[in-house]
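Let's take a walk through a protein model together. Keep the picture open and follow along as we go from charged pairs to a sulfur link and on to the surface.

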Amino acid sequence: MNTHRPIRFLALAAAAVLSYMMTATSPVAAAEPTAAGLWQRTDNGKPGGKPVVWVLMLDRGNNMYEGVVAKSFQQAGQPNLTVCEECEDDRKNQPILGISLIRDMKRKGRVYENGNILDPRNGDVWKAMLTVSPDGQTLTLRGYLMTPALGKDEDWFRLPDTAISQLDPEIVAKFMPEQAAALTTKPGAPATAGKAKAPAPAPAPKGGMMAPAK
């Protein structure tokens with residue numbers, strides 16, 4: 001009598017059951033972190049440095065991302081810059097607060113390419129790319145002239161969601177409408193939450209904004 005066939009059948013059945021159990025119990029792979037969110041640039045490029053500017057990265061759809069100035073901080077010994085007087089495009093004379101700083105970033109996984117970044121001090125627009133760290137907590141900006149190989153990296157650091165409360169309500173209302181709506185419906189919140197004007201934040205410093213290395 002041929003005993004090989006039932007033994008082989010049992011082995012295949014056991015393998016099928018084991019495969020099913022592994023598939024059913026294995027955790028779903030976590031989605032890759034994106035650049036969307038609030039980021040802080042510090043004066044020394046380290047998490048513990050003094051804040052220079054907060055940039056809000058926005059998902060504009062179709063894997064395109066934009067970054068706007070969400071908050072700026074006065075830097076000692078540097079003149080103030082409230083509007084982009086030197087800009088030569090549609091950002092000419094726009095307020096620094098809320099200005100479109102990073103444009104046309106095309107997402108490819110954790111890397112964002114073919115974008116550009118504005119230097120509000122002189123109106124220069126530099127080519128740029130972004131890379132999000134595997135843990136989603138660091139955003140590496142590389143500004144360059146002709147090729148990324150000739151550029152320089154600078155790390156920005158993700159801020160917690162609680163930092164949103166420190167933003168000008170007009171910035172939240174304009175760029176984060178869902179959060180603004182949540183503030184207005186939060187139990188105990190004033191009826192004008194998200195609409196009332198907050199004290200004007202310190203204007204962006206003349207020399208404080210980032211300029212990618214030439």
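Start with the charged side chains: the structure holds 7 salt bridges. Keep in mind that this is a predicted model. As a general point, side chains of opposite charge can pair when their charged atoms come close. Here are some of the pairs.

| Salt bridge | N to O distance |
|---|---|
| Arginine 103 and aspartate 90 | 2.8 Å |
| Lysine 108 and glutamate 113 | 3.2 Å |
| Aspartate 153 and arginine 142 | 2.7 Å |

**A closer look at the pairs**

Take arginine 103 and aspartate 90, which form a salt bridge with their closest N and O atoms 2.8 Å apart. Arginine 103 sits in strand E5 while aspartate 90 sits in the loop between E4 and E5, so this pair ties together parts that are 13 residues apart in sequence. Is arginine 103 buried or exposed, or something in between? With a relative accessibility of 22%, arginine 103 counts as partly exposed, because the buried class only covers values under 20%.

Next come aspartate 153 and arginine 142, whose side chains meet at 2.7 Å, N to O. This pair links distant parts of the chain, with aspartate 153 in strand E9 and arginine 142 in strand E8, 11 residues apart. The two partners fall into separate classes: aspartate 153 is partly exposed at 46%, whereas arginine 142 counts as buried at 19%. Over in the pair of lysine 108 and glutamate 113, glutamate 113 is partly exposed, with 25% relative accessibility.

**Around arginine 91**

Now find the loop between strand E4 (80–81) and strand E5 (100–108), where you'll meet arginine 91. Is arginine 91 buried or exposed? Its relative accessible area is 2%, so arginine 91 is buried. What does its side chain make a polar contact with? The partner is the side chain of aspartate 89, at 2.7 Å. Setting aside neighbours within four places in sequence, arginine 91 is in contact with Cys84, Ile99, Ser100, Leu101, Arg103, Leu118 and Val125.

One name in that list, serine 100, is worth a stop of its own. Serine 100 belongs to strand E5 and is buried, at 7% relative accessibility. The side chain of serine 100 makes a polar contact with the side chain of arginine 103, at 2.9 Å, and arginine 103 is also the salt-bridge partner of aspartate 90. Not counting residues up to four places away in sequence, serine 100 touches Glu66, Gly67, Val68, Arg91 and Leu118.

**The sulfur link**

Cys84 is another contact of arginine 91, and it brings us to the disulfide. The count here comes to 1. Which residues form the link? They are cysteine 84 and cysteine 87, with sulfur atoms 1.9 Å apart. The link is right-handed, with 80° about the S-S bond. Both ends are tucked away from the surface by the numbers: cysteine 84 is buried at 0% relative accessibility, and cysteine 87 is buried at 2%.

**A glycine in the first strand**

Head back along the chain to glycine 37, in strand E1 (residues 37–42). Glycine 37 has a relative accessible area of 18%, so it is buried. The C-alpha atoms of glycine 37 and leucine 56 are separated by 5.7 Å, although the two residues are 19 apart along the chain. Apart from neighbours within four places in sequence, glycine 37 is in contact with Val55, Leu56, Met57 and Arg158.

**Out on the surface**

For a change of scene, look for Leu145, Met146 and Leu150, which form a nonpolar surface patch with about 350 Å² of accessible area together. Leucine 145 lies in the loop between strand E8 (138–144) and strand E9 (152–158), and at 53% relative accessibility leucine 145 counts as exposed.

**Stepping back**

Finally, zoom out to the whole chain. The protein chain has 3 helices and 10 strands, running α-β-β-β-β-β-β-β-β-β-α-α-β from the N terminus on. Of its 214 residues, 37% count as buried. Among contacts between residues at least 6 apart in sequence, 49% join residues at least 24 apart. The accessible surface comes to about 12,700 Å², and 57% of that belongs to carbon and sulfur atoms.

Definitions and conventions
Residues numbered from 1 in each chain as written. Predicted model: local features only at pLDDT ≥ 70, side-chain atom pairs only at ≥ 80, totals over all residues. Heavy atoms only, no water. Helix = DSSP H or I, 4+ residues; strand = E, 2+ residues; numbered from the N terminus. Buried < 20%, exposed > 50% of the residue type's maximum accessible area, 1.4 Å probe, protein only. Polar contact = N/O pair within 3.5 Å; in protein donor to acceptor, adjacent residues only side chain to side chain. Contact = heavy atoms within 4.5 Å. Disulfide = S-S within 2.5 Å. Patch = residues over 30% accessible without salt bridge, like charges linked within 9 Å, V, L, I, M, F, W, Y side chains within 5 Å. Areas by Shrake-Rupley, 256 points an atom, 1.4 Å probe, with all protein chains shown as cover. Salt bridge = Lys/Arg side-chain N within 4 Å of Asp/Glu carboxyl O.
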